[in-house]
Amino acid sequence: MCYVIITSASLVWFLCSLVADMLFAVALVTPRWLVGPAQGMDSNASLHRQSSVGIYTRCKVMHEGGFHCGRFDIDGLATDSSVYPGEWKAAMFFVTLGFSLLSVTVLLTLITSCRQSACGKSIHNMTACAQVVAGICMMLALFLHPMGWRASRIQRLCGMDAEPFYPADCSIGVSFYCGIIGVLLTFTAAGISLKAESSNMRSRVRRRVEAGSKLVCIP
């Protein structure tokens, strides 16, 4: 019999996983892990026109007054380490792995509404384990990126005093905070999965399914 079970716990689990996945994506693609100091522009423009750097992208205020954003990993992970620090290459690997795993778990949270197990294993438990691994991957990236702040690229942006875990004249950007919030939501989602599994097994749900209901919505 084909049926769909939706509970408040499963809905919260899905939304938490989805928001975490979106935050991982923001952290991955946006060049705002470190934001350089304002460069003598008016206060309104400086907010949006400060040089900044991400994991593989950067935005730069040009000497002519223009503004350019682009990638600096010209050859991917094979890019010279003087251009693309090794620590950032490792961070890129872990962020990509974490984002990929978390994206898969978002789909699995939807599958659990109509299927509870696969190959004799609980889909909820497997999904929770994958979300924990995804969170750990992003944590490693958040640790590895500051280790690369000794690079000449960061010293040009933030000052010669920049070193691992000390950004000198730069400030932490919104992309870094998105990664942190994403990690917290990912671990929260892994915990909620246990509640979602138990709510799907409640007697009220079983009675509705046995009565022939195709769609079971339980708060």
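This report describes how helix α1 packs against two other helices and how three residues of helix α6 are placed.

The model is predicted, so local features need pLDDT of at least 70 and side-chain atom pairs count only at pLDDT 80 or more, while totals for chains, interfaces and linings use all residues. Residues are numbered from 1 along each chain as its sequence is written, and side-chain values use heavy atoms, with hydrogens and water left out.

**Overall content**

The chain has 7 helices and 9 strands; helices (H or I, at least four residues) and strands (E, at least two) are DSSP runs numbered from the N terminus. Of its 219 residues, 44% count as buried, where buried means under 20% relative accessible area, exposed over 50% and partly exposed in between, with a 1.4 Å probe and protein chains only. Among contacts (heavy atoms within 4.5 Å) with a separation of 6 or more, 63% are between residues 24 or more positions apart.

**Packing of α1**

Two packed helices are described by the angle between their axes and the distance between the axes. Axes are lines fitted to C-alpha atoms, for helices over the stretch in contact, and angles run from 0 to 180 degrees between N-to-C directions.

Helix α1 covers residues 8–29 and helix α4 residues 123–147; their axes come within 12 Å and cross at roughly 25°. The two helices are therefore roughly parallel to each other, given that angles under 35 degrees count as roughly parallel, over 145 as roughly antiparallel, 65 to 115 as roughly perpendicular and the rest as oblique. The crossing of α1 past α4 is left-handed, a term for a near helix turned anticlockwise from the far one by less than a right angle, with clockwise being right-handed. On the α1 side the contact is made by Trp13, Ser17, Phe24 and Ala27, which meet His124, Thr127, Gln131, Ala134 and Met138 in α4. By class, this contact has 5 nonpolar, 4 polar and no charged residues; Ala, Val, Leu, Ile, Met, Phe, Trp, Tyr, Cys and Pro count as nonpolar, Asp, Glu, Lys and Arg as charged, and the others, Gly among them, as polar.

With helix α3 (residues 86–111), α1 packs at an angle of about 155°, the axes being 9 Å apart. This pair is therefore roughly antiparallel, and α1 again passes in a left-handed crossing. The α1 residues here include Trp13, Phe14, Leu18, Asp21 and Phe24, and the α3 residues they belong with in this contact include Met92, Phe99, Leu102 and Val106. The contact divides into 13 nonpolar, 5 polar and 1 charged.

**Three residues of α6**

Helix α6 spans residues 174–200 and contains Ser175; Val183 and Ser193 are found in α6 too. The table gives their burial and their contacts, leaving aside neighbours up to four places away in sequence.

| Residue | Relative accessible area | Contacts |
|---|---|---|
| Ser175 | 0%, buried | Val26, Ala27, Thr30, Arg32, Trp33 |
| Val183 | 6%, buried | Phe24, Gly135, Met138, Met139, Leu142 |
| Ser193 | 0%, buried | Trp13, His124, Ala128 |

The side chains of Ser175 and Thr30 are joined by a polar contact of 2.4 Å. A polar contact is a pair of N or O atoms within 3.5 Å; within protein, one must be able to donate a hydrogen and the other to accept it, and residues adjacent in sequence count only if both atoms are side-chain atoms.

Val183 and Phe24 lie 159 residues apart in sequence, with 8.3 Å between their C-alpha atoms.
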